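User: I'm new to reading protein models and would like a close look at one part of this one. Could you pick a strand, walk me through its surroundings, and then follow the side-chain contacts outward?

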Amino acid sequence: MDIIAAYREVGTYRGAAALSGTTPKTVKRVIARHEAGGGAPERSSRERNFDVVAGLVAERVEKSQGRISAKRLLPAARAAGYAGSPRNFRRLVAARKQLWRRDHHRGRRPAVWSPGEHLVIDWGSEGGLHVFCAVLAWSRVRFVRFAADERAATTLAMLAECFEVLGGVPGKVLADRMGCLKGGVVANVVVPTAEYLRFAAHYGFRPDFCEANDPESKGIVENLVGYAKRDLMAPQAPFGDLAAANTAAKSWCAEVNGVAHSEICAVPAERLVIERELLAALPSLRASTGRQVTRKVDRLSCVRFGSARYSVPVALIGAEVGLRTDDGRLLVIVTGTGEVVAEHVLVAPGEASVRDEHYGGPRPAPRRAVRPKTAAEKAFCALGPVAGAFITGAAAAGHTRLGPELAELNTLRAAHGEEAFLAALDRAVAFSRWRAADVRSILAAGPGTADPRPAGDALVLELPAVPVRPLADYALGGLS
């Protein structure tokens, strides 16, 4: 009920308060204001303890564009005469910063990406390991790899691998103002390095750079860097080496690209199939990046790098090739065509990395062929493989009188006939008897001697099943 109407009804402050649900003091105040003409009484403004530094706070907030904190501004306010509490001062600074942001808010509009147009790249680091991240903007396909540094050669190699994974080249590559790709800045315009421009011309894209101090322009890849740190590096680190880390990164990329993205409500891998049609074709050869040294292939079909030896195809013996290191690997490149003909993992000085395919297959076992020279050796070796096996076995057994005894063995051959002598020689090889006297004793024993053979497999017979009776059938009388 209205307070004034209630007062007119009962005529007392207490009764009007009971009817309107308020206090008698409130009824008295409302009636006095009504009788005075209905206007609210003027209130005198109260002074606050931070009014003496309000101008200083407003000036410093404006100068710092709303970034200064109350903690850093409090000493200056104390010097200017503020004697209140830090909590009250924080309220003043917060109110001033909120007022500044309301008048100076930077309105941003969402990015609208076109298919096949932008690839956004950036570097991140965690625990001494550097992570390269790239996002194909329209399809949101994510590419993550690890490296030991963020040099220009490493960045361009990562970018080349990203193009190969995507299956094409986008129109622009948007990067932060990386020192490895930035040659200079003139009037806020970034000048790319000559190496980056050659790389871009080889693949056919246009390099682009973000605005300075503007993280919003590349937030799409900044989010990926944080996501890779949280979801890939934190659960699986530390990695054994870069190869293991990149293997985990490939599996992780396949996983996240195969599920629906919350922003586009679609699967990035499926959208890549559509966007790939609008990407430019990859060049026939990967661009040569980084510092390259020249070596000549020696007679062993190898090149030397870092006091170590690395094999190359034998067809390149005598040719000049280029060597380049990339992510713990050594790439052997044909200078004229840029083709990578060999790839090795870097080894320690003094070691060698040899690939069997460079030599047409694995290395054959060493052979020590029997080559007769004297007349006695030629006559004995004319018997065939058995004679060669006899000489090899006798040499391995350390029979130092084998050479002089060859004449005696040839005599036994002539005396007993070639057929009997070959049988005796074969038996001597089987039982490791290498002297001429042993062969003579075998010939004297004749062909009737036993010819033992090694034991064979165990004889297993399936016996027939027979009926059986219980032991109770064999009890005597009533005893059991």
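Analyst: What follows is a walk along one strand and its partners, and then a tour of some side-chain contacts. Keep in mind that this is a predicted model.

Let's start with strand E2, which covers residues 129-136. Is E2 mostly covered or mostly open? It's mostly covered, with 8 of its 8 residues buried. You can check that one face at a time. On one side you'll find Leu129, Val131, Cys133 and Val135, and on the other His130, Phe132, Ala134 and Leu136; every one of these is buried, so both faces of E2 are covered.

Now for the partners of E2. Strand E1, residues 118-126, runs antiparallel to E2, and 8 bridges join the two. The hairpin made by E1 and E2 has 2 residues between the strands, and in it Gly127 takes a positive phi near 60 degrees. Strand E3, residues 141-147, also pairs with E2 in the antiparallel sense, this time over 7 bridges. That hairpin has 4 residues between E2 and E3, and Arg140 in the turn has a positive phi of about 65 degrees.

Val135 is a handy residue to find on screen. It is the bridge partner in E2 of Val120, and it also stands opposite Arg142 in E3.

Phe132, from one of the two covered faces, gives us a way into the aromatic rings. It forms an edge-to-face pair with Trp123, at 5.4 Å centre to centre and 65 degrees between the planes. Why does this pair get the name edge-to-face? Because planes over 60 degrees apart count that way, and here the angle is 65 degrees. Both Trp123 and Phe132 are buried.

The structure holds 13 aromatic pairs. Another of them is Tyr82 with Phe89: the ring centres are 5.3 Å apart and the planes meet at 45 degrees, so this pair is tilted. Tyr82 and Phe89 are both buried as well. Elsewhere, Phe163, Tyr196, Phe199, Tyr203, Phe205 and Phe209 form one aromatic cluster.

Next, go to E3 and look for Arg145. Which residue does Arg145 form a salt bridge with? The partner is Glu161, and the closest N and O atoms are 3.1 Å apart. This pair links distant parts of the chain, since Arg145 belongs to E3 and Glu161 to helix H7 (residues 152-166), 16 residues apart. The two ends are covered to unlike degrees: Arg145 counts as buried because its relative accessibility is 5%, whereas Glu161, at 23%, counts as partly exposed.

A search of the whole structure finds 10 salt bridges. As for the idea behind them, side chains of opposite charge can pair when their charged atoms come close.

Another one joins Arg440 and Glu408, with the closest N and O atoms 1.7 Å apart. Here too, distant parts of the chain are linked: Arg440 is in helix H16 (residues 436-445) and Glu408 is in helix H14 (residues 402-416), 32 residues apart. Arg440 is partly exposed at 36% relative accessible area, and Glu408 is partly exposed at 28%.

A third to look at is Asp473 with Arg469, at 3.6 Å from N to O. Asp473 counts as partly exposed at 42%, while Arg469 is exposed at 53%. Arg469 has another neighbour worth finding: it lies over the face of Tyr474, at 5.0 Å from the ring centre. You can see a similar arrangement with Arg271, which lies over the face of Trp138 at 3.8 Å from the ring centre.

One more arginine is worth a stop. Arg177 is found in the loop between strand E4 (172-175) and strand E5 (182-186). Its relative accessible area is 19%, and buried means under 20%, so Arg177 falls on the buried side of the cut-off. What lies by its side chain? A polar atom there is 3.1 Å from the backbone oxygen of Asn188, and the backbone oxygen of Cys210 lies 3.0 Å from a polar atom of that side chain.

Finally, a word on cysteines. How many disulfides does a search of the whole structure find? It finds 0. Cysteines sit in quite unlike settings here: Cys265 is exposed, with a relative accessible area of 67%, whereas Cys302 is buried at 3%. Cys133, back in E2 where we began, is buried too.

Conventions:
Residues are numbered from 1 along each chain as its sequence is written. This is a predicted model: local features need pLDDT of at least 70, side-chain atom pairs count only at pLDDT 80 or more; totals for chains, interfaces and linings use all residues. Side-chain values use heavy atoms; hydrogens and water are left out. Buried means under 20% relative accessible area, exposed over 50%, partly exposed in between (1.4 Å probe, protein chains only). Two strands pair if DSSP finds at least two bridges between them. A disulfide is a pair of cysteine sulfur atoms within 2.5 Å. A salt bridge is a side-chain nitrogen of Lys or Arg within 4 Å of a carboxyl oxygen of Asp or Glu. Rings of Phe, Tyr and Trp (its six-membered ring) pair if their centres lie within 6.5 Å; planes under 30 degrees apart count as stacked, over 60 as edge-to-face and the rest as tilted. A charge sits over a ring if NZ of Lys or CZ of Arg is within 6 Å of the ring centre and within 35 degrees of the ring normal. A polar contact is a pair of N or O atoms within 3.5 Å; within protein, one must be able to donate a hydrogen and the other to accept it, and residues adjacent in sequence count only if both atoms are side-chain atoms.
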